[in-house]
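Reader: I am new to this structure and should be grateful for a close look at one part of it. Could you describe the largest pocket, together with the aromatic residues and the core that go with this topic?

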Amino acid sequence: LTTGGGFARGAGYRQHLFNDELFVDTSAAISTKAYKEVVGQASYPHLWNDRIEVGTNFTWRDFPQEDFFGIGPDSRLETRTNYAFESTDINGLVAVRPLAWLRVGSAVGLLSPTIEPGTDSRMPSIEVLFSDAGAPGLVEQPTFLYKNVFVEVDYRDQPGNARSGGLWRATYGAWNDRNLNQFDFGRLDFEAAHFFPIFDKKRVFAVRGVVSYVNNDPGNRVPFYFLPYVGGSESVRSYREFRFRDENAVFFNIEYRWEAFSGMDMALFLDAGEVREDWQNIDLQDLRTAYGIGFRFNTFKSVFMRLDIGAGGGEGVRIFWKFG
């Protein structure tokens, strides 16, 4: 489940049918903080000699304690609130792999979100400190019809525990408000990562950059829960998850990893990121930063547990412990 949801457990069922042509995967999980998720997937992933994938996905989520600090680079830690986010998402996907390292595709789906008061008693619920003006989409939530296209170039040696190669991914999505006519917007996300091995691949420099850009149609707004953000285990690790949100975000990660012993790598990292309302105001002059140390518990092909300790943001030390 999402970072901040606590430790989760659940059950799942997977099955290959019709001579392994059809793949069916279902699962359900609940966490120590009552975060819940149900997922169902059915796909034909190996059509035309593994070059075409067609599938459908259903996801129901109930996240009762999501953090919100406000919008913009100057949001304050003192205005930390929480809200409950529930959503139902059903979509269809078509992807083509013309080359082993290239994947291109598109998805169309319906997503119905609901915002409710948060259940974390340590802080106010979102409606106590924020109105719909400061948190667009707080009062009413539409059903969205979304359409996206994506391109992915993946030439990593081991996608689950890369030590050389790289990953480039770009996604553009158009989100259409089906019933309120207030929240039509488009969003572009771009990610690039490369891994530079040293000698026998037991030492690696990993570099990653992410850019997100949101453009709302005239007279429309972007719901606060869809805004790009900086902070947390996947961006700037000296800040809490979702610490800074706005319509445009950029962040970078640099790691030096080395094999401490078989089954565990250690890492030193530097992170930096920035959010702005207008893209032209991102000048990389007022970056939020982090530095720290990490531990990667792994097999040759995958990392199954990660522990990161980040500091340097002026808001204390953050510890992120993640599985998978």
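Author: What follows takes up the largest pocket, then the aromatic rings and the nonpolar cores, and lastly a few separate details.

This is a predicted model, in which local features need pLDDT of at least 70 and side-chain atom pairs count only at pLDDT 80 or more, while totals for chains, interfaces and linings use all residues. Residues are numbered from 1 along each chain as its sequence is written, and side-chain values use heavy atoms, with hydrogens and water left out.

The largest pocket has a volume of about 2,000 Å³. A pocket is defined on a 1 Å grid over the protein atoms alone, as an open set of points with protein on both sides within 12 Å along at least five of seven lines; a cavity is a set of points where a 1.4 Å probe fits but cannot get out, and lining residues have an atom within 4 Å of a point. Grid points are joined across faces, edges and corners, and a volume is the space filled by probe spheres set on the points.

In the lining of the largest pocket there are 46 residues, and R61, W175, R187, D189 and F226 lie nearest its centre. Two or more lining residues come from each of β4 (52-68), β5, β6, β7, β8 (165-177), β9, β10 and β13 (248-261). Strands here are DSSP runs of E with at least two residues, helices are runs of H or I with at least four, and both are numbered from the N terminus. The element that gives the most to this lining is β5, with 6 residues. By class, the lining divides into 22 nonpolar, 11 polar and 13 charged residues. In this count Ala, Val, Leu, Ile, Met, Phe, Trp, Tyr, Cys and Pro are nonpolar, Asp, Glu, Lys and Arg are charged, and the others, Gly among them, are polar.

W175, one of the residues nearest the pocket centre, lies in strand β8. At 17% relative accessibility W175 counts as buried, a term for values under 20% relative accessible area, with exposed meaning over 50% and partly exposed in between (1.4 Å probe, protein chains only). W175 and N216 are 41 residues apart in sequence, and their C-alpha atoms are 9.3 Å apart in space. F226, also among those nearest the centre, counts as buried at 13% relative accessibility.

Both W175 and F226 belong to a cluster linked by ring pairs, whose other members are F68, Y83, F85, F130, F144, Y146, F185, F224 and Y225. Rings of Phe, Tyr and Trp (its six-membered ring) pair if their centres lie within 6.5 Å; planes under 30 degrees apart count as stacked, over 60 as edge-to-face and the rest as tilted. By this rule the structure has 23 aromatic pairs. The rings of F144 and F185 have centres 6.2 Å apart and planes at 75 degrees, so this pair is edge-to-face. Because F144 lies in strand β7 and F185 in strand β9 (residues 185-198), the pair ties together parts that are 41 residues apart in sequence. Both F144 and F185 are buried, F185 at 4% relative accessibility. F185 also forms a tilted aromatic pair with F226, at 5.8 Å centre to centre and 45 degrees between the planes. F226 lies in the loop between β10 (203-216) and β11 (229-230) and F185 in strand β9, so this pair too ties together parts that are 41 residues apart in sequence.

F226 appears again in the largest nonpolar core, which has 20 residues; Y83, I126, F224, Y225 and F226 have the most contacts inside it. The elements that give two or more residues to this core are β5 (81-99), β6 (102-117) and β7 (144-154). A nonpolar core is a set of buried Ala, Val, Leu, Ile, Met, Phe, Trp, Tyr and Cys residues joined through side-chain atoms within 4.5 Å. Apart from this core lies another, of 9 residues, including V210, V236, F244 and A290.

F244 also helps to line the largest cavity, along with P73, V230, E274, V275, D286 and R288. About 40 Å³ of space lies in this cavity, and its lining has 4 nonpolar, no polar and 3 charged residues.

One backbone detail remains. F242, in the loop between β11 and β12 (244-245), has a positive phi near 65 degrees although it is not a glycine. F242 counts as buried at 9% relative accessibility.
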